[in-house]
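Student: Please take one small part of this model and go through it closely. Then work outward from there to the rest of the chain.

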Amino acid sequence: MSPIEISCIGETCITEHIVKFRNAYNKAKPGEIFILVGDNELGKKEILKAAEFMGIEIVEIKDSNNQWTIKFRKG
């Protein structure tokens, strides 16, 4: 099964980033990878804080051309 990928590109509301992160987490099965892609640095920062608080494994973070991609693994 391919990973769940959610786009936050163009989103300026930080709350929307967290909602999309939570929805991706809820859709993922235990052990499954889910990916968020965005272009808002504050959104990235809040998503990473939420993941840390929830104890979610961060598999990979990529930054390129004013865009970021974060891969998570649901525990």
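Tutor: N66 sits in the loop that runs between strand 3 and strand 4. The model is a predicted one, and that applies to every value below. The backbone of N66 has a positive phi of about 60°, although the residue is not a glycine. Its side of the picture as regards solvent is clear: N66 has a relative accessibility of 72%, and because exposed means over 50%, N66 counts as exposed.

N65 belongs to the loop between strand 3, residues 57-64, and strand 4. Phi of N65 is near 50°, again a positive value in a residue other than glycine. The relative accessible area of N65 is 77%, so N65 is classed as exposed. The loop thus holds N65 and N66, each with a positive phi and each exposed.

Next comes the strand on the far side of the loop. Strand 4 covers residues 67-73, and F72 is found in it. In contrast to the exposed N66, F72 has 0% relative accessibility and therefore counts as buried. The contacts of F72, leaving aside neighbours within four places in sequence, include F21, E32, I33, F34 and L36. I47, A51, I56, E57, I58 and V59 are also in contact with F72. Of these partners, I47 and A51 fall within helix 2, residues 41-54, while E57, I58 and V59 fall within strand 3, residues 57-64. A further position for orientation is P30, which is 42 residues from F72 in sequence, with 11 Å between the two C-alpha atoms.

Helix 2 can be followed through two of its residues. K44 lies in this helix, which spans residues 41-54. Buried means under 20% relative accessible area, and K44 is at 11%, so this lysine counts as buried. Once neighbours within four places in sequence are set aside, K44 is in contact with I61, D63, W68 and I70. Among these, I61 and D63 are in the range of strand 3, and W68 and I70 are in the range of strand 4.

G43 is another residue of helix 2. At 0% relative accessibility, G43 counts as buried. Apart from neighbours within four places in sequence, its contacts are I14, H17 and W68. W68 therefore appears in the contact list of G43 as well as in that of K44, a statement that rests on heavy atoms within 4.5 Å. Along the chain, G43 and M54 are 11 residues apart, and their C-alpha atoms are separated by 16 Å.

The contacts of G43 with I14 and H17 lead to helix 1, which is made of residues 14-27 and includes T15. T15 has a relative accessible area of 52%, so it is exposed. T15 and E46 are 31 residues apart along the chain, yet 8.8 Å separates their C-alpha atoms.

Strand 1, residues 4-7, contains S7. With a relative accessible area of 40%, S7 is partly exposed. Beyond its neighbours within four places in sequence, S7 is in contact with K20 and V37. S7 and I18 are 11 residues apart in sequence and 12 Å apart in space, taken from C-alpha to C-alpha.

These parts can now be placed in the whole. The protein has 2 helices and 4 strands, and in sequence order they read β-α-β-α-β-β. Its radius of gyration is 11 Å, close to the 11 Å given by the globule rule for 75 residues, so the protein is as compact as a globular protein of that length. Along the principal axes, the C-alpha atoms fill a box of roughly 30 × 20 × 15 Å. Of the 75 residues, 36% count as buried. Among contacts between residues at least 6 apart in sequence, 65% join residues at least 24 apart.

The exposed surface of the protein is about 4,700 Å², of which carbon and sulfur atoms supply 51%. The protein carries 11 positive and 11 negative charges, and the mean positions of the two sets are 5 Å apart.

As for annotation, an unreviewed UniProt entry lists residues 16-74 as "domain: UPF0033". Over residues 16-74 the chain is 44% helix and 36% strand, with 20 Å between the end C-alpha atoms.

How values were computed: Residues are numbered from 1 along each chain as its sequence is written. This is a predicted model: local features need pLDDT of at least 70, side-chain atom pairs count only at pLDDT 80 or more; totals for chains, interfaces and linings use all residues. Side-chain values use heavy atoms; hydrogens and water are left out. Buried means under 20% relative accessible area, exposed over 50%, partly exposed in between (1.4 Å probe, protein chains only). UniProt positions are given in the numbering used here, feature names are shortened, and annotations may be inferred rather than shown by experiment. The radius of gyration is taken over C-alpha atoms; the globule rule is 2.2 Å times the number of residues to the power 0.38. Accessible areas come from the Shrake-Rupley method with a 1.4 Å probe; for residues, only the protein chains shown count as cover. Lys and Arg count as positive and Asp and Glu as negative; His and the chain ends are not counted. The place of a charge is taken as NZ of Lys, CZ of Arg, CG of Asp or CD of Glu.
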